[in-house]
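This report considers the aromatic rings of a protein chain and the strands that accompany them. Please examine the sequence and the structure shown below before reading on.

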Amino acid sequence: MQNTGIVRRQTAERRRDTLERLATERDVWVSTAHPDHGPHQVPLWFLWDGRAVWMCTSATSVTARNVREEPRVRLALPDTFDVVLLQGEAEAFLDQDVPGEAAEAFAAKFGWDPRAEEGSFLYVRVVPKTVRAWHGEPELRGRVIMRDGTWLE
């Protein structure tokens with residue numbers, strides 16, 4: 001096996017890097033499933049509020065339908081080398097019921113306020129229960145950096 005030159009990060013460094021990416025990145029892959037219709041995956045814009053991921057989608061989308069039926073979701077930042085996977089349960093808010101602070105922060109980040117659009121939108125909040133992060137094969141061991149909603153040391 002060829003040495004890739006990757007220096008294995010400790011848990012604290014992986015956590016710091018993950019939090020930085022959550023605060024600065026724009027897109028996340030959202031994986032949902034429906035008991036009758038199966039899995040579904042879509043990229044959405046997201047906002048990290050320091051504790052949870054907030055996303056927004058049409059209230060009639062497949063993602064909206066799925067999280068209403070089965071709230072367990074997986075999220076993935078779009079980089080196959082610098083992997084960050086989050087797992088948790090989705091909480092859904094219709095655009096007229098979303099907490100104002102979350103909606104305002106979402107609108108400020110993207111310059112788009114779904115509450116001002118025609119049609120109904122659903123805000124989806126996911127508090128991670130599990131987070132995995134790794135750079136390549138040398139970091140597969142120790143990739144879990146959050147378990148049961150608690151960051152590991």
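## Exposure of the aromatic residues

In this predicted model, Trp112 has a relative accessibility of 24% and therefore counts as partly exposed. The cut-off explains the term: buried means under 20% relative accessible area, exposed means over 50%, and partly exposed lies in between.

Phe121, at 14% relative accessibility, counts as buried. Phe110 also has a value of 14% and is buried. For Phe106 the relative accessibility is 1%, so this residue counts as buried.

## Ring pairs

A pair of aromatic rings is described by the distance of the centres and the angle of the planes. Searching the whole structure yields seven aromatic pairs. One of them joins Phe106 and Phe110, whose ring centres are 4.8 Å apart and whose planes differ by 55°, a tilted arrangement. Both residues belong to helix H3, which covers residues 100-110, and they are separated by four residues, about one turn of the helix.

Why is the pair of Trp112 and Phe121 edge-to-face? The planes of the two rings stand at 80°, with 5.6 Å between the centres, so the pair is classed as edge-to-face; the cut-off for this class is an angle over 60 degrees. Ring pairs also link a cluster made up of Trp45, Phe106, Phe110, Trp112, Phe121 and Tyr123.

## Charges over rings

Two further contacts involve a charged side chain and a ring. The charged end of Lys109 is placed over the ring of Phe46, at 4.8 Å from the ring centre. In the other contact, Arg143 has its charged end over the ring of Trp134, 5.7 Å from the centre.

## The annotated domain and its strands

An unreviewed UniProt entry places the feature "domain: Pyridoxamine 5'-phosphate oxidase N-terminal" at residues 21-134. Over this range the chain is 20% helix and 50% strand, and the C-alpha atoms at the two ends are 13 Å apart.

Strand E1 (residues 27-34) pairs with strand E4 (residues 72-76) in the antiparallel sense, through three bridges. Here Trp29 stands opposite Ala76 of E4. Strand E4 is also joined to strand E5 (residues 82-94) by five bridges, and these two strands run antiparallel. Which residue of E5 is the bridge partner of Ala76? The partner is Leu85. Strands E4 and E5 form a hairpin, with five residues between them.

Key
Residues are numbered from 1 along each chain as its sequence is written. This is a predicted model: local features need pLDDT of at least 70, side-chain atom pairs count only at pLDDT 80 or more; totals for chains, interfaces and linings use all residues. Side-chain values use heavy atoms; hydrogens and water are left out. Rings of Phe, Tyr and Trp (its six-membered ring) pair if their centres lie within 6.5 Å; planes under 30 degrees apart count as stacked, over 60 as edge-to-face and the rest as tilted. Buried means under 20% relative accessible area, exposed over 50%, partly exposed in between (1.4 Å probe, protein chains only). A charge sits over a ring if NZ of Lys or CZ of Arg is within 6 Å of the ring centre and within 35 degrees of the ring normal. UniProt positions are given in the numbering used here, feature names are shortened, and annotations may be inferred rather than shown by experiment. Two strands pair if DSSP finds at least two bridges between them.
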